[in-house]
Amino acid sequence: PRALARHEAWIPQDELRGASSGGWFDATNDHRIEQFRRCFPNAKRILELGALEGGHTIGLARLPGVEYVLGVEGRAQNLTRARLVQELYAVPNIEFIEANLEQNRLSEFGSFDVIYCSGLLYHLPEPWKLVEQFAAVAPGLFLWTHCTGEVDADYLIEGYRGRRYAEGGPDEVLSGLSPDSFWPTLGSLCTMLTTHGFAEVRLLDNNAAHPHGPAVTMAAYA
């Protein structure tokens, strides 16, 4: 569609009425959506952190029983594309808002059944400050993020071991909004979750061979 041609360099590959947006993968049918469904089959209200261009948002909103998905994104240009995706897919149970999750509090957005946080946490300089808010707004959490391997952890902050990484800043679409980020070890990430309100943490996937660094998929329950 002509609308897609006006928005070049898309990240997710969304099959929009037969015309691809030309990105890397079909986010609407990503396997993490099915993992989420299995872990939280009764979710009705979902808070998605880091909606990017709306691929996962669409996939979540189309799951059986889901009534509302709020997609939070830090870049206005991504939101423009996400809203176009929503329009083309004709999915009414989605709302997108712009917010910097290093500044805005999750309590501003209301209460939810589950938080969906995929590809965001490892872009934050102080991820524990976001994690400590999770259980207060939702009793469930689905998380995909990168971690630091134990042998590579060379930094200790707030009792959490990990490593600092340089980020590209606001002008780099696949980076965080701050100059650097902190990747905790898996053990420190679990400590963050259990310290801040989650009684059960399930490790769904632990991909130590991920090309961009160790990656984990987790579900947590308050």
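## Cores, a crossover and cysteines

In this predicted model, Ile 115 touches Leu 47, Leu 49, Leu 106, Phe 134, Val 137, Ala 138, Gly 140, Leu 141 and Phe 142, when residues up to four places away in sequence are not counted. Apart from the largest nonpolar core lies another core, which has 25 residues and includes Ile 33, Val 69, Val 91 and Phe 142.

The largest nonpolar core has 33 residues, and among these Leu 47, Leu 49, Leu 106 and Ile 115 touch the most other members. At least two residues of this core are supplied by each of β3, β4, β6, α5, β7, α6 and β12, and the largest share, five residues, comes from α5. As a general tendency, nonpolar side chains in soluble globular proteins are buried together.

Strand β4, which spans residues 68-73, pairs in the parallel sense with strand β5, residues 94-98, over five bridges. Within this pairing, Leu 70 stands opposite Glu 95 in β5. From β4 the chain crosses through helix α4, residues 76-89, to reach β5, and the resulting β-α-β crossover is right-handed.

How many disulfides does a search of the whole structure find? The search finds zero. For Cys 190, which is in no disulfide, the nearest cysteine sulfur is that of Cys 147, 7.9 Å away; because a disulfide requires sulfur atoms within 2.5 Å, this pair does not qualify. The accessibility of two cysteines is set out below.

| Residue | Relative accessibility | Class |
|---|---|---|
| Cys 39 | 14% | buried |
| Cys 190 | 26% | partly exposed |

Key: Residues are numbered from 1 along each chain as its sequence is written. This is a predicted model: local features need pLDDT of at least 70, side-chain atom pairs count only at pLDDT 80 or more; totals for chains, interfaces and linings use all residues. Side-chain values use heavy atoms; hydrogens and water are left out. Two strands pair if DSSP finds at least two bridges between them. Helices (H or I, at least four residues) and strands (E, at least two) are DSSP runs, numbered from the N terminus. A crossover is right-handed if, with the strands pointing away from the viewer, the path from the first strand over the helix to the second runs clockwise. A nonpolar core is a set of buried Ala, Val, Leu, Ile, Met, Phe, Trp, Tyr and Cys residues joined through side-chain atoms within 4.5 Å. Buried means under 20% relative accessible area, exposed over 50%, partly exposed in between (1.4 Å probe, protein chains only). Contact means heavy atoms within 4.5 Å.
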